Amino acid sequence: MRPVNRDTKTVNHLTFVSRNVDPEMLTDFTRVLVVGKSPVNRVVVSKIVERSGLKPISESPETAATTLRSLIPGAVVLDGGADNKDCDALMCGIDALRRTSGRSLPSVILLSTKNGTPESLGLSSVVDTVVVKPITTERLQPVIDHLIGLARS
């Protein structure tokens, strides 16, 4: 006998965006998109996001673009990998969301092996802040809380 999945809940994190809807109205400040190649790092970051009372959506760089087309999270946490380039393919999509909304939403945090500012590291203007690895609650949680607070106000 096979177990039956009795969970009647459907996926509720996707909000479909039409061309005639103001994207600012659809920003979900309770959601944080966590993007990275390493599933272990995504789990660690997702747990930190949950400690802030927010709901993480964990995606690989290859699948995150699809999520960004259907949901505007309050923040995006990108794991840049060894060379800060693992999530470069998403920068154009995030920049387009920001231009459409007229605001710097979603906020973007880059997890980096190098210390510095987005400008000093030569990163895209889409990146709001850099958090140096190793990823710890003490380093990342205050940054998430601050950026979500700014975005809501």
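Helices are DSSP runs of H or I, at least four residues long, numbered from the N terminus. Glu138 is found in one of them, helix α4, which spans residues 137-152. The model described here is predicted.

The overall layout comes first. The protein has four helices and five strands. From the N terminus on, the elements follow the order β-α-β-α-β-α-β-β-α. The chain holds 153 residues, and 41% of them count as buried. Sequence-distant contacts were also examined. Among contacts between residues at least 6 apart in sequence, 64% join residues at least 24 apart.

Helix α4 packs with helix α1, which covers residues 39-51. Two packed helices are described by the angle between their axes and the distance between the axes. For α1 and α4 the angle is about 55°. The axes of this pair lie 9 Å apart. The two helices are therefore oblique to each other. In handedness, α1 passes α4 in a right-handed crossing. The contact draws on residues from both helices. From α1 come Val45, Ile48, Val49 and Arg51. From α4 come Thr137, Leu140, Gln141 and Ile144. The residues of this contact divide into five nonpolar, two polar and one charged.

Glu138 belongs to α4 as well. Its side of the story is one of exposure: the relative accessible area of Glu138 is 65%. Exposed means over 50%, so Glu138 is classed as exposed. The C-alpha atoms of Glu138 and Ile48 are separated by 9.3 Å. Along the chain, Glu138 and Ile48 are 90 residues apart.

Helix α3 runs over residues 91-101. Its buried residues are Met91, Ile94, Leu97, Arg98 and Ser101. These residues cover an arc of only 125° around the axis, which puts them on the same side of α3. The other side of α3 carries Cys92, Arg99 and Thr100, which are exposed. The buried residues of α3 pack against three elements. One is a helix, α2 (61-70). The others are the strands β3 (72-79) and β4 (107-112). Just after α3, Gly102 takes a positive phi of about 75°.

Backbone geometry in the loops was examined next. Asn84 has a positive phi of about 65°, although Asn84 is not a glycine. This residue sits in the loop between β3 and α3. The relative accessible area of Asn84 is 7%. Buried means under 20%, so Asn84 counts as buried.

Cis peptide bonds precede two prolines, Pro106 and Pro134. The bond from Leu105 to Pro106 has omega near 0°. Pro106 lies in the loop between α3 and β4. The bond from Lys133 to Pro134 has omega near 10°. Pro134 lies in the loop between β5 (129-132) and α4.

Conventions: Residues numbered from 1 in each chain as written. Predicted model: local features only at pLDDT ≥ 70, side-chain atom pairs only at ≥ 80, totals over all residues. Heavy atoms only, no water. Buried < 20%, exposed > 50% of the residue type's maximum accessible area, 1.4 Å probe, protein only. Arc of directions from axis to C-beta. Contact = heavy atoms within 4.5 Å. Axes fitted to C-alpha atoms, helices over the stretch in contact; angles between N-to-C directions. Parallel < 35°, antiparallel > 145°, perpendicular 65-115°, else oblique. Left-handed = near helix turned anticlockwise from the far one by under 90°. Nonpolar A, V, L, I, M, F, W, Y, C, P; charged D, E, K, R; others polar.
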